[in-house]
Amino acid sequence: MYPFKVKEKLTAYQYLLKDKLAGDKNRELIALLKDLKLAGRQVSKELNTGALAGSLGDYTGSKNSHGEKVKKLDLIANNLFIKSLENGGNCAGVVSEENDKILLFNNENSKNAKYLVLIDPLDGSSNIDVNVPVGTIFSILKRPRGVKKLSTKDFLQEGKKQVAAGYIIYGSSTIYVLTVGKGVDAFTLDPFVNEFYVSQTNIKIPNKARMYSVNQGNFFEFPLPLQEYIRWCEQNDQKTGRPYSLRYVGSMVADLHRSLLKGGLFIYSQSKNAPKGKLRLMYECNPMAFIIEQAGGLATNGKKNILSIKPKSIHQISPIFIGSKEMVELVTKYLRSKLLN
Ligand code: AHM
């Protein structure tokens with residue numbers, strides 16, 4: 001039995017036009033979402049044929065803006081998204097994990113476009129070579145009013161200013177999950193006709209759950225209050241259904257997709273080895289926080305809400321605790337009570 005309630009067989013485009021983004025003023029945003037979807041479809045194809053097309057493995061000698069090894073598919077995905085955004089003419093500029101600086105488009109349409117895109121073209125890419133789900137994460141911001149010549153500071157907007165955010169998970173099927181600030185919807189790629197169709201509308205994350213997701217190998221590197229919280233998750237207690245189950249794929253998109261549908265807590269904390277965490281605020285934490293909050297969940301950095309952090313740089317990193325509301329509230333309580341003192 002198909003687990004999702006499919007209302008009608010609508011394409012993502014038809015659904016947005018008819019429902020979430022009805023009205024003429026949204027045409028440009030719908031078109032921009034279509035540009036992202038087009039590139040996502042191509043990336044999905046590249047991933048499916050990875051080994052045969054020779055696109056697996058490292059891109060020799062190259063490192064990204066965080067000094068991490070770049071995979072060939074990181075670059076392929078980056079090029080596909082940037083090309084699609086540039087050709088579409090609905091986006092004025094891009095911040096990508098794979099580029100140190102902002103990219104501004106100069107063609108006639110893009111120059112005056114209303115939107116900015118921040119993107120991790122291929123998240124979890126260390127998992128590509130072993131056929132584990134990876135994903136694209138994106139955030140859409142409005143170009144600040146009256147700004148003709150864009151610069152880096154125009155991209156440094158708080159997460160709560162996002163007009164849309166989404167991810168595309170390339171897993172056993174390719175699913176495009178999107179919020180435009182009116183709940184969360186999912187569209188599944190039908191590979192036979194190469195089109196995304198509505199597969200789930202108004203997704204709600206369970207308020208509490210029995211699953212947590214963390215790189216347990218870093219346990220002794222974590223702040224003590226987090227170690228205490230994890231010990232609490234592991235303890236036996238019938239009333240709260242503990243011990244909880246630990247699930248960690250190592251692709252944020254995969255771990256959060258599961259948490260969105262089944263409930264759970266995803267943790268990427270600060271640690272002795274990574275004092276500020278690892279995940280990127282503007283194109284990983286912010287879009288995921290927007291999606292999860294729109295589904296009824298919560299996201300903090302252990303002290304404050306992710307969406308209210310004022311970014312200082314485009315590639316800024318942040319700790320993140322995200323998922324089912326009650327679980328995030330509890331872990332944040334542990335952290336706040338001790339970390340702030
Ligand atoms: P990547 O895109 O270089 O693989 O890094 C991002 C990923 C996230 O998807 C995932 O949650 C995290 O890094 C895993 O990091 P770690 O291996 O330290 O647990």
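This section describes the ligand site, the nonpolar core and selected backbone features of a predicted model.

The ligand is surrounded by 15 residues, of which Asn215, Tyr248, Met252, Tyr268 and Lys278 come nearest. By class, this shell comprises six nonpolar, six polar and three charged residues. Two strands, E5 (115-123) and E13 (265-268), each supply at least two residues of the shell. Residues of the shell are given by both domain 1 (12-200) and domain 2 (211-340), so the ligand lies between the two domains.

Polar contacts to oxygen atoms of the ligand involve both backbone and side-chain atoms of the protein. On the backbone, an N or O atom of Gly124 is found 2.8 Å from a ligand oxygen, and a polar backbone atom of Met252 lies 2.7 Å from an oxygen atom of the ligand. From a side chain, an N or O atom of Asn215 is placed 2.8 Å from a ligand oxygen. On its own the ligand has 470 Å² of accessible area, and the protein covers 84% of this area.

Met252, which takes part in the backbone contact described above, also belongs to helix H7 (residues 252-262). Helix H7 is mostly covered, with nine of its 11 residues buried. The buried set is formed by Met252, Val253, Ala254, Asp255, Leu256, His257, Arg258, Ser259 and Leu260. Just after this helix, Gly263 adopts a positive phi of about 90°.

The largest nonpolar core contains 45 residues, and within it Tyr167, Leu260, Met288 and Ile320 touch the most other members. Helix H8 (residues 281-294) gives the most to this core, contributing nine residues. At least three residues of the core are drawn from each of domain 1 (12-200) and domain 2 (211-340). Leu260 is thus named both among these core members and among the buried residues of H7. Tyr167 is located in strand E7 (residues 164-170). Its relative accessible area is 1%, a value under 20%, and Tyr167 therefore counts as buried. Between Tyr167 and Asp123, which are 44 residues apart in sequence, the C-alpha to C-alpha distance is 9.7 Å.

Two helices of domain 1 provide further reference positions. Gln42 has its place in helix H2 (residues 27-48). With a relative accessible area of 39%, Gln42 is partly exposed. The C-alpha atoms of Gln42 and Phe81 are 9.2 Å apart in space, with a sequence separation of 39 residues. Lys72 lies in helix H4 (residues 72-88) and is likewise partly exposed, at 30% relative accessibility. A C-alpha separation of 37 Å is found between Lys72 and Pro206, which are 134 residues apart along the chain.

Several loop residues show notable backbone geometry. The peptide bond joining Arg242 and Pro243 is cis, with omega of about 5°. Pro243 is situated in the loop between helix H6 (224-234) and strand E12 (245-246). Asn194 is not a glycine, yet has a positive phi of about 55°. This residue occurs in the loop between strand E9 (184-190) and strand E10 (195-200), and its relative accessibility of 35% classes Asn194 as partly exposed. A positive phi, of about 45°, is also found at Asn202, which is not a glycine. Asn202 lies in the loop between E10 and strand E11 (211-213), where it counts as partly exposed at 42% relative accessibility.

Key:
Residues numbered from 1 in each chain as written. Predicted model: local features only at pLDDT ≥ 70, side-chain atom pairs only at ≥ 80, totals over all residues. Heavy atoms only, no water. Near = heavy atom within 4 Å. Polar contact = N/O pair within 3.5 Å; in protein donor to acceptor, adjacent residues only side chain to side chain. Areas by Shrake-Rupley, 256 points an atom, 1.4 Å probe, with all protein chains shown as cover. Helix = DSSP H or I, 4+ residues; strand = E, 2+ residues; numbered from the N terminus. Nonpolar A, V, L, I, M, F, W, Y, C, P; charged D, E, K, R; others polar. Domains from an automatic or database assignment. Core = buried A, V, L, I, M, F, W, Y, C linked by side-chain atoms within 4.5 Å. Buried < 20%, exposed > 50% of the residue type's maximum accessible area, 1.4 Å probe, protein only.
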